[in-house]
Amino acid sequence: MEGEANGTLHPSSCGAKDPPYSQELLQSLDLPGRFLFAILTLMMLIADLVFIEEAVYIYRKIPSCRRSIIIWITAAAPVIATTSCIGMWIPRSTMFTDFTAAVFFAITIHKFLMMMIKECGGQKLLLRRFENGRFKISTGPCCCCCLCLPRVRITRRTLFWLKLGTFQLVCFRPMLIFLSIVLWTNGNYTLSNLSPKGAAIWINCIVGVLTIIGLWPVGIMFLQVKNVLTCKKIIPKFTLYQFIVILNNLQTPIIKMLATQRVIACVPPLSSSATGSYVSQQVLIMEMFLITLISRVVYRRRYDDLEPPECTAEEVGDKKQIPKTMLNGRVSEDGLPRV
């Protein structure tokens with residue numbers, strides 16, 4: 001009753017804690033606002049259609065061992081665009097759409113690491129190729145300034161720790177964001193409450209640390225394999241991945257933080273925090289639309305005919321050893337001394 005009374009007295013108050021309902025937002029839009037909504041929704045639909053077409057191509061042309069990983073990675077931008085569009089149309093669903101995008105992107109980070117290992121021919125071939133190599137761990141976003149850190153030998157154990165570094169993000173980030181949603185429904189989680197007594201600052205700090213730890217192994221692996229996988233366009237792929245990381249994990253929190261500090265003014269019926277989410281969602285739709293189109297160009301090619309030069313040389317060497325072994329077998333069976 002109190003909420004209804006407040007809504008009746010001042011339905012467009014900037015001090016409202018909760019975002020408006022979708023019908024209230026749509027009724028407050030003028031003609032340019034409705035046109036913007038239509039354009040952004042169309043961009044989201046085009047991004048989804050481009051991804052579906054790309055997924056069909058990947059399913060038909062790419063070997064099954066790499067198919068699912070590449071589909072997961074290329075789906076990151078369309079999924080973020082879709083969740084942002086849903087949050088734009090239904091402002092009260094922002095917590096749930098952000099949760100979906102965060103979970104999906106955490107999985108994408110782990111899949112990107114696994115893709116680089118797969119592109120090198122798998123874990124066994126990677127270890128054989130870099131058996132005398134060492135990982136450079138003084139890289140971003142965790143230790144880019146610590147140049148004195150020693151290089152680590154490339155072994156099964158170090159690969160396990162790299163995989164664990166990204167996999168922990170898949171496990172813990174959804175749990176923490178789910179906890180924030182539960183606390184939000186009970187009124188204990190508010191983005192504007194950044195005091196030490198509030199839950200928002202602690203959960204966001206833990207999520208930030210886990211994200212940095214999850215991004216670190218991807219950077220370490222990329223520095224090691226970028227020269228080997230140049231023929232597979234690993235550099236533009238990593239660039240697109242970095243753009244998604246920055247736009248989704250850095251741009252969005254900055255906009256929301258500015259909104260909670262009232263730097264971004266409220267636009268009735270949206271409060272300042274709701275306006276920040278509204279602006280962030282609209283910008284993300286446009287950015288993810290462009291990334292989806294670029295990803296289609298980068299990932300649309302055959303993989304079975306493109307192998308790194310070192311991998312091809314090793315395979316040729318293995319094939320040459322097979323006839324020699326068979327020849328030696330024939331020599332021993334026939335009893336004829338052949339060279």
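Biologist: Why is Cys-85 called buried or exposed here?

Modeller: Cys-85 has a relative accessible area of 3%. Buried means under 20%, exposed over 50% and partly exposed in between, with a 1.4 Å probe and protein chains only. Cys-85 is therefore buried. A word on the model: it is predicted, so local features need pLDDT of at least 70 and side-chain atom pairs count only at pLDDT 80 or more, while totals for chains, interfaces and linings use all residues. Residues are numbered from 1 along each chain as its sequence is written, and side-chain values use heavy atoms, with hydrogens and water left out.

Biologist: And what makes Cys-205 buried, exposed or partly exposed?

Modeller: The relative accessible area of Cys-205 is 45%, so Cys-205 counts as partly exposed.

Biologist: How many disulfides are there by the rule?

Modeller: A disulfide is a pair of cysteine sulfur atoms within 2.5 Å. By this rule the count is 0.

Biologist: Let's turn to Pro-150. Why is Pro-150 called buried or exposed?

Modeller: With a relative accessible area of 56%, Pro-150 is exposed. Pro-150 sits in the loop between strand E1 (134-135) and strand E2 (152-153); strands (E, at least two residues) and helices (H or I, at least four) are DSSP runs numbered from the N terminus. Ser-138 is 12 residues from Pro-150 in sequence and 8.1 Å away in space, C-alpha to C-alpha.

Biologist: Now the interior. What makes a space a cavity, and how many cavities of 30 Å³ or more does the search find?

Modeller: On a 1 Å grid over the protein atoms alone, a cavity is a set of points where a 1.4 Å probe fits but cannot get out, and lining residues have an atom within 4 Å of a point. The search of the whole structure finds 3 cavities of 30 Å³ or more. The largest holds about 80 Å³, and its lining includes Phe-105, Lys-237 and Tyr-299. Helices H4 (64-74), H6 (94-119), H10 (234-260) and H11 (272-299) each give two or more residues to that lining, and H10 gives the most, with 4.

Biologist: Which residues line the second largest cavity?

Modeller: They are Val-50, Phe-51, Glu-54, Thr-74, Thr-292, Ser-295 and Arg-296, around about 50 Å³ of space. Helix H3 (31-61) and H11 each supply at least two of them.

Terms used:
On a 1 Å grid over the protein atoms alone, a cavity is a set of points where a 1.4 Å probe fits but cannot get out, and a pocket is an open set with protein on both sides within 12 Å along at least five of seven lines; lining residues have an atom within 4 Å of a point. Grid points are joined across faces, edges and corners, and a volume is the space filled by probe spheres set on the points.
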